[in-house]
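Trainee: I've got a structure open and I'd like to learn how to read it. Can we go through it together?

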Amino acid sequence: MKIDYFIKKSQDHGKFTKDELVEMLAYAPDSSESYRIMAEASRISRELTGDKAEVHAQFALNLEPCACNCLFCSFAETNGIFQQKNQISPEEAVRSARQLEEEGANAIFMMTTAQYPFGKFLEMARQVRSSLKSATTLIANVGDQPLMNAVKMKDAGFAGVYHALRLREGMDTALPPEKRRESIRNFQEAGLKVGTCVEPVGPEHVIEEIAEMILYTGSFNPVFSGAARRISIPGTTLAKKGMISELRMAQIVAVTRLAVPRTVLGNCTHEPCTIGAAAGANLFWAEMGANPRDTKAKTETGRGHTISRCRVLFHESGCGVLDGPSRFYAS
Ligand code: SF4
């Protein structure tokens, strides 16, 4: 059976071709082949981390319409979900970060929309950094940056960033794909570790483009890859296309784990779910404040998960969870 070949190739640390990934992604999500891939992905994730999954937690510095107009994002101006412009104060940022630290986040992410003033972002980062324990991992989730800014982010105390070339970048977004790739190179050159993901997957994405994206994420040695489905923002153009199931997302998470080199310890999924963890996801995100997948201004009253909920989901999936600073971003 071809599935035996795929499992064996993964165990031998073989490099998968696009056509092989297409074959694995073409299995029905509920087929025995897909379940075997999920089981193997779970085994790899546990082996690489000593069965210590991680929960990272993100809070947003602002909520405002964004001119980059990524069609899957609730902040996109064109989607008309939010009209207000809110920026949290340095005191609120410090309070949020310390709360997430106390609740046991393995890494804390500071997120902004793409047009948030960079100087202000650095100033907020310095204040947050100095209020946290020195061992706490601080990560940035911001727009594209030149090398000079990436260096300043490193100097401000960030260990790394989250940055992704999104599926259909430049078509479903106003951002040139090359700029996304260039930013990833800039972050890495500045010494910032990069976590990434195959996202946001919708039913319209064909398996060839998903396979290409999996290979791209594995090509630049991120600290984690993984897969996340697109969440429908009610009333938007993309919402009409629907959403993939958690099971299908789990299958893509598993194929990503097999295809990405073993030097990449993390394999994320979003939003958190037990089937994702059972299929080899070892990273979930908790969220606080504004969230690009939510229509509520405070996601803790909407779609956002708490750190404790994420930990419960891992435990329900039979996975252990790391206590202490992220090992992915330290790798
Ligand atoms: S995903 Fe980021 S860049 Fe795109 S619209 Fe939302 S906030 Fe702006």
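**Charged pairs and cores**

Mentor: Let's start with one side chain: Arg311 has a relative accessibility of 19%, so it counts as buried. Keep in mind that this is a predicted model.

Trainee: Okay, which residue does Arg311 meet in a salt bridge?

Mentor: Look at where the two ends sit: Arg311 is in helix α11, and its partner is in the segment after α11, twelve residues apart. The side chains come to 2.9 Å, N to O, and a salt bridge needs them within 4 Å. The partner is Asp323.

Trainee: Is Asp323 buried or exposed?

Mentor: The cut-off for exposed is over 50% relative accessible area. Asp323 has 62% relative accessibility, so it counts as exposed.

Trainee: What is Asp323 in contact with, if we leave aside its neighbours within four places in sequence?

Mentor: One contact is the salt-bridge partner we just met, Arg311. The list holds that residue and one other: Asp323 is in contact with Arg311 and Asn106.

Trainee: Now Asp294. It's buried, so which side chain of opposite charge is nearest to it?

Mentor: Asp294 lies in the loop between β11 and α11. It has no salt bridge, as the nearest side chain of opposite charge is 5.9 Å away, and the cut-off is 4 Å. Asp294 does have a polar contact of 2.7 Å with the side chain of Thr299. The nearest side chain of opposite charge is Arg303.

Trainee: And which residue does Arg303 meet in a salt bridge?

Mentor: The pair links distant parts of the chain, with Arg303 in the loop between β11 and α11 and its partner in the loop between β10 and α10, 32 residues apart. Arg303 is partly exposed at 33%, while the partner is buried at 9%. The two meet at 2.8 Å, N to O, and the partner is Glu271.

Trainee: Why are Arg126 and Glu123 separated by about one helical turn?

Mentor: Their side chains meet in a salt bridge of 3.4 Å, N to O. Both residues belong to helix α5. They are separated by about one helical turn because they are three residues apart in that helix.

Trainee: Last one: which helix gives the most to the largest nonpolar core?

Mentor: That core has 79 residues, and Phe121 is one of those with the most contacts inside it. Phe121 touches Met110 and Met153, among others. The helix giving the most to this core provides eight residues, and it is α9.

Terms used: Residues numbered from 1 in each chain as written. Predicted model: local features only at pLDDT ≥ 70, side-chain atom pairs only at ≥ 80, totals over all residues. Heavy atoms only, no water. Core = buried A, V, L, I, M, F, W, Y, C linked by side-chain atoms within 4.5 Å. Buried < 20%, exposed > 50% of the residue type's maximum accessible area, 1.4 Å probe, protein only. Helix = DSSP H or I, 4+ residues; strand = E, 2+ residues; numbered from the N terminus. Contact = heavy atoms within 4.5 Å. Lys, Arg positive; Asp, Glu negative; His and termini not counted. Polar contact = N/O pair within 3.5 Å; in protein donor to acceptor, adjacent residues only side chain to side chain.
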